[in-house]
Amino acid sequence: MNVSRRVLLAAGAGVAGALGAGSGTAGAATVDGQGRGPGLRTGFERLAADGYGLLSGQKVGVVTNPTGVTRDVRHIVDVMHADDRVDLKAVFGPEHGFRGTAQAGGSEGRYDDPATGLPVYDTYLKSGQALADIFTASGVDTVVFDIQDVGARFYTYIWTLYDCMEAARLAGKRFVVLDRPNPATGRDAYGPVLHKEFATFVGRREIAQAHGMTVTELARLFNAEYLDQPVELATVTMTGWKRRDFYDASGLPWVPPSPNMPTADTALVYSGTCLFEGTNLSEGRGTTRPFELLGAEGIDARWAAAANELALPGVHFREAYFAPTFSKFQGKTVGGVQIHVDDREAFDPVRTGVALLVTAKSAWSGFAWRSDNWIDKLTGSTQVRTMIDKGATADEVVQGWHGELEKFRAVRRPYLTYK
């Protein structure tokens, strides 16, 4: 990325613009709230309050899922479809689908939405020209993105954002991103950074495992740093959100972004404990506390004791037993731990996740990585797995990614909108 393009695109992210302003040829347009104003207002709330000026004269398609709701839990597709000021033509569904009926690794396919009659197109695992062809076939001029993210690199909605931005550019479409809070806060970035050779749909580009950004900030970073050419981009930021705010400060309803993300508490730990998807332990799918309950057959109280001995900041671990109703160990009683975060400000989810891997391996002789080394896709390289296999402590593993994380923090900095 040459400096001139980076500066050009980043500059637009810091310029407060009037709602309805043109999006510009360099993809730098913004509706920028800068975190000011009484109470939090989402990107959609600000767009609607302005009478949808950014969408005037455009045939519109929306990339969204069940989280695209107003604070009185009406879906934005239903709201815009009923409003004559928006020419809404299509909906594009990500993993789990537009209405959220599919489990992990699934989608809803192509259908007509019964509530609105709008055509719903499936974007899951589609990218490049194939996705651009879907945008072209839909007949839209502008693609709007509004999905609640959870702040982890391997949560696929941010890569749906990335793929849709690239496809919109290929199809000659304008792209508008509406912002929502990062429920894990935007206070900092944590964890290892993806290495390019490990790029998959759980990590397309070189960002940290817990990126600490909102979707409009990510969109600006993607556009300036990672897309081969920028898309014509407009972003609508929030007002009233601060980087250190947890989700409960927003006053917004929590709608599960996916079936195994039932609460904002889940999102707080997810960027660390999702690493257990890369092991033979249950990550708590099939329980009421996915990613907070971890375990396997044969694990006993020694794991919780070993984890507590580390005195990790902001968290304690309880010996726990549970029987998943689906996924790993379905119908079997397993032992393990429940994570209890008691100081959210001090809690580092990625360090905690690595510490739990290290202590699980030492406390349970049955510990194993998934045979496909999925852990490398989740962490973004072989480093975490190989260091743990060689007997490294959690702190040594964390120190191993320090340099690449500092580089990402520097790349990230120009795109941070909120204080």
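This report walks through a few spots in a predicted model: a helix, three loop residues, and the spaces inside the protein.

## Helix α5

Let's start with α5, a helix that runs over residues 157-171. At 1.5 Å a residue, its 15 residues should span 21 Å, and the C-alpha atoms at its ends sit 20 Å apart, so the expected and modelled lengths agree. Right after the helix comes Gly-172, which takes a positive phi of about 70 degrees.

Is α5 enclosed or open to the outside? It's largely enclosed by the rest of the structure, because 12 of its 15 residues are buried. Among those buried residues are Tyr-157, Trp-159, Tyr-162, Asp-163, Cys-164 and Glu-166. As for what surrounds them, the buried residues of α5 pack against the strands β2 (59-64), β6 (142-146), β7 (174-178) and β10 (232-236), and also against the helices α4 (128-138) and α6.

## Thr-214, tucked into a loop

Helix α6 (215-226) turns up again here: Thr-214 lies in the loop between β9 (208-210) and α6. Its relative accessibility is just 1%, and since anything under 20% counts as buried, Thr-214 is buried.

What does Thr-214 meet there? Its side chain makes a polar contact of 2.8 Å with the side chain of Asp-179. Setting aside neighbours within four places in sequence, Thr-214 is in contact with Asp-179, Arg-180, Asn-182, Met-238, Trp-241 and Tyr-418.

## Thr-287, held to the backbone

Another threonine, Thr-287, has its place in the loop between α7 and β11 (293-296). With a relative accessible area of 19%, Thr-287 falls under the 20% cut-off and so counts as buried.

The side chain of Thr-287 has two backbone partners to look at. A polar atom of this side chain lies 2.7 Å from the backbone oxygen of Gly-284. There is also a distance of 3.0 Å between a polar atom of the Thr-287 side chain and the backbone nitrogen of Arg-289. Not counting residues up to four places away in sequence, Thr-287 touches Leu-293, Phe-322 and Pro-324.

## Gly-391, out in the open

Now for a residue at the surface. You'll find Gly-391 in the loop between α11 (383-389) and α12 (394-400). Gly-391 has a relative accessible area of 56%, and because exposed means over 50%, it counts as exposed.

How far apart in space are Gly-391 and Ser-362? Although 29 residues separate them in sequence, their C-alpha atoms are 9.1 Å apart.

## The largest pocket

The largest pocket has a volume of about 430 Å³. It is lined by 24 residues, and the closest to its centre are Glu-95, Ala-104, Gly-105, Glu-277 and Arg-285. Sorted by class, that lining holds 15 nonpolar, five polar and four charged residues.

## The closed cavities

How many cavities of 30 Å³ or more turn up in the whole structure? A search finds five. The largest cavity has a volume of about 110 Å³, and of the 16 residues that line it, Ala-184, Thr-185, Tyr-190, Ala-210 and Pro-349 are the closest to its centre.

Which element gives the most to the lining of the largest cavity? That's helix α7 (residues 264-273), with three residues. By class, the lining of this cavity has eight nonpolar, six polar and two charged residues.

Key: Residues are numbered from 1 along each chain as its sequence is written. This is a predicted model: local features need pLDDT of at least 70, side-chain atom pairs count only at pLDDT 80 or more; totals for chains, interfaces and linings use all residues. Side-chain values use heavy atoms; hydrogens and water are left out. On a 1 Å grid over the protein atoms alone, a cavity is a set of points where a 1.4 Å probe fits but cannot get out, and a pocket is an open set with protein on both sides within 12 Å along at least five of seven lines; lining residues have an atom within 4 Å of a point. Grid points are joined across faces, edges and corners, and a volume is the space filled by probe spheres set on the points. Ala, Val, Leu, Ile, Met, Phe, Trp, Tyr, Cys and Pro count as nonpolar, Asp, Glu, Lys and Arg as charged, and the others, Gly among them, as polar. Helices (H or I, at least four residues) and strands (E, at least two) are DSSP runs, numbered from the N terminus. Buried means under 20% relative accessible area, exposed over 50%, partly exposed in between (1.4 Å probe, protein chains only). A polar contact is a pair of N or O atoms within 3.5 Å; within protein, one must be able to donate a hydrogen and the other to accept it, and residues adjacent in sequence count only if both atoms are side-chain atoms. Contact means heavy atoms within 4.5 Å. The expected span of a helix is 1.5 Å times one less than its number of residues.
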